[in-house]
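Here are my notes on the structure, set out as numbered points. Please read them with the structure open beside you.

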Amino acid sequence: MYSKSFVSASCLAIAASAASLHAAELSSVGQIMPMVHISIQFNSFDNTLAAVVDSDVPQMTPLSILSPGDSFNPADPWYDTLDPSQEGLAWTRRYGFVSTLDPAPDDLYFWVSLDAVSAGLEAYYYRESPATFEAIFGTDGSSFLWQYPDSMTHPVFATDNVGNYSVSGIVYIGDENGVADPSYEAAPFTLNLTAVPEPSTYAVLLGASALALATIRRKR
Ligand SMILES: [Cu+2]
């Protein structure tokens, strides 16, 4: 147990010292592979709607751990939230909404209803170009409703805490204002995420692991 955490901690520490030699200013919010999709599956033959979530659990990680020494461009809209010198939140973009069967019926749209805030999360609609970072799913008082824009979208999920997160929502079919069309049943889904410790917490953990290893060695 202890040795396992020590090995992973050491690898990260080595990666940290190596990466800091090549500090870079990032022009986008990266997406770690593989993608984890929420597939919006509308079957226009029997008018059923499903939301199928891949089973992997994305991990939110602050840039200070993901790529130590790197920073974001202060001109970009995500700088205040994600840059290590600012809020420095842990984040992931692995979750992506994608429509994989039929398009929504004429004059209707796929909508997602999700309250990320009550689960301790923040969420942002993200586009690299033009640089877009808009609070969604209740973040900063935004609407809990979000209209799927008809192309695969990987929002940013972020948090300033450590731990496990679970948030449930629905996909439904509605008009341009988000009013649900009663002809179609809503499809529930649940997202699960984890967040790794902040660097300060992390240093404490690393110290504890090293101490444990030293104790083990002394016993031998
Ligand atoms: Cu995707």
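1. In strand β14, T194 is the bridge partner of Q59. This comes from a predicted model. The two strands concerned, β4 and β14, pair in the parallel sense over two bridges. Strands of a sheet pair through backbone hydrogen bonds, either parallel or antiparallel.

2. β4 and β14 belong to an open sheet of five strands, in the order β4-β14-β13-β8-β11, with mixed pairing. At the edges stand β4 (59-60) and β11, each of which pairs on one side only.

3. Further into this sheet, β13 and β14 run antiparallel and are joined by nine bridges. G169 stands opposite F189 in β14. Strand β13 (residues 163-174) also pairs with strand β8 (residues 109-114), in the antiparallel sense, over six bridges. There, L114 stands opposite G169 in β13. G169 can thus be followed to F189 in β14 and to L114.

4. Which side chains of β14 point to one face and are buried? In this strand (residues 187-195), they are A187, F189, L191, L193 and A195. P188, T190, N192 and T194 point to the other face and are not buried. In a regular strand the side chains alternate between the two faces of the sheet.

5. A104 lies in the loop between β7 and β8. A104 counts as buried because its relative accessible area is 18%, and the cut-off for buried is under 20%. The C-alpha atoms of A104 and I173 are 7.2 Å apart, although the two residues are separated by 69 residues along the chain.

6. Strand β7 (residues 95-99) is mostly covered, with four of its five residues buried. β7 pairs with β2 in the parallel sense over five bridges. I40 has S99 in β7 as its bridge partner.

7. How many salt bridges does the structure hold? It holds one. D56 forms a salt bridge with R94, and the closest N and O atoms are 2.7 Å apart. The pair links distant parts of the chain: D56 is in the loop between β3 (48-53) and β4, R94 is in the loop between β6 (90-92) and β7, and they are 38 residues apart. D56 counts as partly exposed because its relative accessibility is 39%. R94 is buried, with a relative accessible area of 10%.

8. A copper ion is coordinated by four atoms, SD of M35, NE2 of H37, SD of M152 and NE2 of H154, at 2.1 to 2.4 Å. The angles subtended by these donor atoms are 88 to 127°, so the arrangement is tetrahedral. For comparison, the ideal angle for four tetrahedral donors is 109.5 degrees.

9. Along the sequence, the donor residues of the copper ion follow the spacing M-x1-H-x114-M-x1-H. H37 and H154 link distant parts of the chain: H37 is in strand β2 (residues 36-43), H154 is in the loop between β11 (145-147) and β12 (156-159), and they are 117 residues apart.

10. Are the two histidines, H37 and H154, buried or exposed? Both H37 and H154 are buried. M35, in the loop between β1 (25-26) and β2, counts as partly exposed because its relative accessibility is 31%. M35 also helps to make a nonpolar surface patch of about 270 Å², together with M33 and M152. M35 and M152 are also among the residues that coordinate the copper ion.

Definitions and conventions. Residues numbered from 1 in each chain as written. Predicted model: local features only at pLDDT ≥ 70, side-chain atom pairs only at ≥ 80, totals over all residues. Heavy atoms only, no water. Donors = N, O, S within 2.8 Å, 3.2 Å for Na, K, Ca; no water. Tetrahedral: all angles 85-135°; square planar, octahedral: opposite > 155°, others 65-115°. Buried < 20%, exposed > 50% of the residue type's maximum accessible area, 1.4 Å probe, protein only. Patch = residues over 30% accessible without salt bridge, like charges linked within 9 Å, V, L, I, M, F, W, Y side chains within 5 Å. Areas by Shrake-Rupley, 256 points an atom, 1.4 Å probe, with all protein chains shown as cover. Salt bridge = Lys/Arg side-chain N within 4 Å of Asp/Glu carboxyl O. Pairing = 2+ DSSP bridges.
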